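Trainee: Hi! Could we look through this structure together? I'd like to get a feel for its pockets and helices.
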Amino acid sequence: HLNGFPYLESLQGDTFEAVRGRKFHRVAAQPPFIPDFGEKYMFLNSGEIGHTIPGRIVAELPEYLEPGGSFHAVISIFEDASATVTQRLRDWLGNAQEE
């Protein structure tokens, strides 16, 4: 509000927890994506290869994004012998991947 955005609402929660039941035209995220082999600092790091929280956000996204909406994120997705980046994203999206 101090910066001239009267319609901006700031909420706090675990991924989409604070906005259950709502839909959005645009979703932006900058989740932790630094690998952490011990997962003891989840607020900073995101699992063994950095996919834990970004994967949760992408998996829950179809429930909150309006048709034709857009998702913007700063994340790091690793490609290895088990999956390409596209395969990982499709896996996270599950049945909603065609949307």
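**Pockets and a helix pair**

Mentor: Happy to! Strand E1, residues 24-29, gives the largest share of the lining of the largest pocket, with 5 residues. Keep in mind that this is a predicted model.

Trainee: Okay, what volume does the largest pocket have?

Mentor: The largest pocket has a volume of about 680 Å³.

Trainee: And how many residues line it, and which lie nearest its centre?

Mentor: The largest pocket has 20 lining residues, and Thr15, Phe16, Val19, Val27 and Ala28 are the ones nearest its centre.

Trainee: How does that lining split by class?

Mentor: For the largest pocket, 12 lining residues are nonpolar, 5 are polar and 3 are charged.

Trainee: Switching topic: at what angle do H1 and H2 pack?

Mentor: Helix H1 (residues 52-64) and helix H2 (residues 85-93) pack at about 55°, and their axes are 7 Å apart. That angle is why H1 is called oblique to H2.

Trainee: Is their crossing left-handed or right-handed?

Mentor: H1 and H2 cross in a right-handed way.

Trainee: Cool. Which residues make the contact?

Mentor: From H1 you have Pro54, Gly55, Val58, Ala59 and Pro62, and from H2 there are Leu89, Trp92 and Leu93. Sorted by class, the contact of H1 with H2 has 7 nonpolar residues, 1 polar and no charged ones.

Trainee: Back to pockets, then. What is the volume of the second largest one?

Mentor: The second largest pocket has a volume of about 320 Å³. Its lining has 17 residues, with Leu61, Pro62, Leu65, Leu93 and Glu99 nearest the centre.

Trainee: Which elements give two or more residues to that lining?

Mentor: For the second largest pocket, those are H1, strand E2 (65-73) and H2. E2 gives the most to this lining, with 7 residues.

Trainee: And the classes there? How many are nonpolar, polar and charged?

Mentor: The lining of the second largest pocket has 11 nonpolar, 3 polar and 3 charged residues.

Terms used. Residues are numbered from 1 along each chain as its sequence is written. This is a predicted model: local features need pLDDT of at least 70, side-chain atom pairs count only at pLDDT 80 or more; totals for chains, interfaces and linings use all residues. Side-chain values use heavy atoms; hydrogens and water are left out. Axes are lines fitted to C-alpha atoms, for helices over the stretch in contact, and angles run from 0 to 180 degrees between N-to-C directions. Helices (H or I, at least four residues) and strands (E, at least two) are DSSP runs, numbered from the N terminus. Angles under 35 degrees count as roughly parallel, over 145 as roughly antiparallel, 65 to 115 as roughly perpendicular and the rest as oblique. A crossing is left-handed if the near helix is turned anticlockwise from the far one by less than a right angle, and right-handed if clockwise. Contact means heavy atoms within 4.5 Å. Ala, Val, Leu, Ile, Met, Phe, Trp, Tyr, Cys and Pro count as nonpolar, Asp, Glu, Lys and Arg as charged, and the others, Gly among them, as polar. On a 1 Å grid over the protein atoms alone, a cavity is a set of points where a 1.4 Å probe fits but cannot get out, and a pocket is an open set with protein on both sides within 12 Å along at least five of seven lines; lining residues have an atom within 4 Å of a point. Grid points are joined across faces, edges and corners, and a volume is the space filled by probe spheres set on the points.
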